[in-house]
Amino acid sequence: MADIKPPSETGGSSAAGKRRRADREPDSAETKHLLHFLLAQLRWQHGTRVGTFEEFDAEAARHDPELGAADFAAMSPLMEEFFSRHAKGDKWVPFHAALGEHELYIFTRIWSLRYLEESERYALACGFSGSRFPALFDEAVMDPCFPAAAEACPPEGRELLDRPAHAFRRGGPVHGRFLAYRARGGKLHTSAFSPRPVPRGAVGEEYTFYIMERTRTFLEMGQALHPKFAKLCAERGVLAWETVDSELQKAKWVGPTLSKMFLVSTHLCLPRLQLLDQGVEVGIGAQEAFKLLLPGIQPAKDFSMLPDRRDILLALHAKVSAAPFLAAHEPRLAPMARWCATEARAAFAPKGVPPECFGQGLSLLAFQVNLCEWRKFRNNVDKKRTAARGMGVNVGENGAKSQKGGMGKAGAGGGREKRRRL
């Protein structure tokens with residue numbers, strides 16, 4: 001995994017304060033817990049999205065013959081709990097964010113439509129975020145307007161792209177499909193985030209109309225933004241994401257959280273822009289992880305944004321991704337990240353997912369995303385920090401390994417390890 005240059009050291013008392021905080025050594029036990037969770041993210045990603053758990057375990061054992069992969073089985077009960085609530089369904093973001101349920105839907109159902117221009121596919125991907133609920137978007141928009149098996153765009157799809165305000169009008173065919181879907185009890189929005197602020201009076205059928213309006217608004221936002229990307233990235237380079245973020249937040253109903261979601265999807269769909277190669281704004285999810293890795297950095301109940309949060313992120317990333325550090329503390333992580341990336345590319349390139357989505361190391365963006373997942377796991381599932389390298393493994397006096405207790409159904413490949421592959 002490539003190292004990253006440390007934060008620049010400029011003069012002044014403020015900069016000195018940043019250096020002191022960012023240069024602190026992270027808590028050793030918390031860091032080791034994070035490393036083991038990163039391996040678990042890779043394992044469950046491969047086992048539920050790409051291949052099998054047995055394949056992953058066999059490959060991991062090759063890179064640490066002394067320990068093997070027995071400690072992964074001991075993680076199963078914890079991961080079962082994680083997936084039962086805090087990372088249930090579309091709430092889980094795997095090690096590679098492109099394999100999350102929402103992003104996979106964008107790639108396999110929208111980005112695969114080669115009879116549409118890239119700008120049109122991008123607009124639809126933005127429109128999907130009006131609900132981020134595939135069943136609704138399929139029934140109301142994609143299946144009637146943009147059939148997966150079609151060779152050309154049907155007239156209703158062309159009208160939706162050319163005249164979205166008319167296509168999404170109250171009482172029109174699209175609105176009728178939204179209402180029919182809801183009348184059967186269909187869910188209107190993902191539970192991964194909230195569709196707030198909901199307008200006053202938007203209840204019952206008016207709430208359904210509001211979700212449709214969000215869909216139209218975000219589709220039109222994507223149409224307006226796509227032509228600007230090339231110029232923005234050429235002018236601002238690695239800082240282009242800040243301008244794109246500002247443009248996104250000009251749209252109705254788009255705040256910092258939704259904007260970051262759009263930024264990540266844009267980065268994954270359009271890798272040539274290299275939009276988030278240097279990461280993205282550090283949000284509250286990643287910053288809350290700082291409190292675990294750097295105890296005392298901020299009071300537990302203080303959620304104000306740290307002014308030096310990016311410096312802290314860069315320093316932590318440099319520490320955790322450094323090859324000597326990984327070799328000393330978890331020799332399986334770097335080679336397994338490379339192996340999982342190669343396997344994911346082979347599996348999903350034919351489905352239209354760009355190979356750049358599967359970086360072979362721990363990129364800064366991947367580190368941010370996985371910090372948020374780890375914080376959920378650490379604070380809600382593994383409060384006693386039982387997950388660790390070698391967990392569940394006894395090493396006898398002759399060096400022979402044996403597993404503590406039985407593997408159980410989950411550890412043997414049953415239970416949640418048979419989660420539906422997308």
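**Exercise 1. Is Phe82 buried or exposed, and what is its relative accessible area?**

Work through these steps.

- The model is predicted: local features need pLDDT of at least 70, side-chain atom pairs count only at pLDDT 80 or more, and totals for chains, interfaces and linings use all residues. Residues are numbered from 1 along each chain as its sequence is written, and side-chain values use heavy atoms, with hydrogens and water left out.
- Take the cut-offs: buried means under 20% relative accessible area, exposed over 50%, and partly exposed in between (1.4 Å probe, protein chains only).
- Phe82 has a relative accessible area of 0%, so Phe82 is buried.

**Exercise 2. Describe the aromatic partners of Phe82.**

- Rings of Phe, Tyr and Trp (its six-membered ring) pair if their centres lie within 6.5 Å; planes under 30 degrees apart are stacked, over 60 edge-to-face, and the rest tilted.
- The whole structure holds 15 aromatic pairs.
- Phe37 and Phe82 have ring centres 5.8 Å apart and planes at 80 degrees, so this pair is edge-to-face.
- Phe37 sits in helix H2 and Phe82 in helix H4 (residues 70–84), 45 residues apart. Helices (H or I, at least four residues) and strands (E, at least two) are DSSP runs, numbered from the N terminus.
- Phe37 is buried too.
- Phe82 also pairs edge-to-face with Phe377, at 5.5 Å centre to centre and 85 degrees between the planes.
- Phe377 lies in helix H19, 295 residues from Phe82. Its relative accessible area is 0%, so Phe377 is buried.
- Phe37, Phe82, Phe83, Trp92 and Phe377 form one aromatic cluster.

**Exercise 3. Which residues of the largest nonpolar core touch the most other members?**

- A nonpolar core is a set of buried Ala, Val, Leu, Ile, Met, Phe, Trp, Tyr and Cys residues joined through side-chain atoms within 4.5 Å.
- The largest core has 76 residues, and Leu124, Val141, Phe146 and Leu160 touch the most other members.
- Helix H11 (residues 205–225) gives this core its largest share, 8 residues.
- Now check Leu124, leaving aside neighbours within four places in sequence. Its contacts (heavy atoms within 4.5 Å) include Ile110, Phe137, Met142 and Leu219.
- A second, separate core has 56 residues, among them Leu34, Phe37, Phe325 and Val381.

**Exercise 4. How many residues of helix H15 are buried, and what covers them?**

- Helix H15 spans residues 284–293, and 9 of its 10 residues are buried.
- The buried ones include Gln287, Glu288 and Lys291.
- Their cover includes helix H2 (28–50), helix H16 (309–321) and helix H19 (364–380).

**Exercise 5. Place Phe303 and Phe348.**

- Phe303 is in the loop between H15 and H16.
- Phe303 has a relative accessible area of 46%, so Phe303 is partly exposed.
- Phe348 is in helix H18 (residues 333–348).
- Phe348 has a relative accessible area of 1%, so Phe348 is buried.
- Phe348 and Phe107 are 241 residues apart in sequence but 9.5 Å apart in space, C-alpha to C-alpha.

**Exercise 6. Summarise the whole chain.**

- The protein chain has 20 helices and 2 strands.
- Of its 422 residues, 54% are buried.
- Among contacts between residues at least 6 apart in sequence, 71% join residues at least 24 apart.
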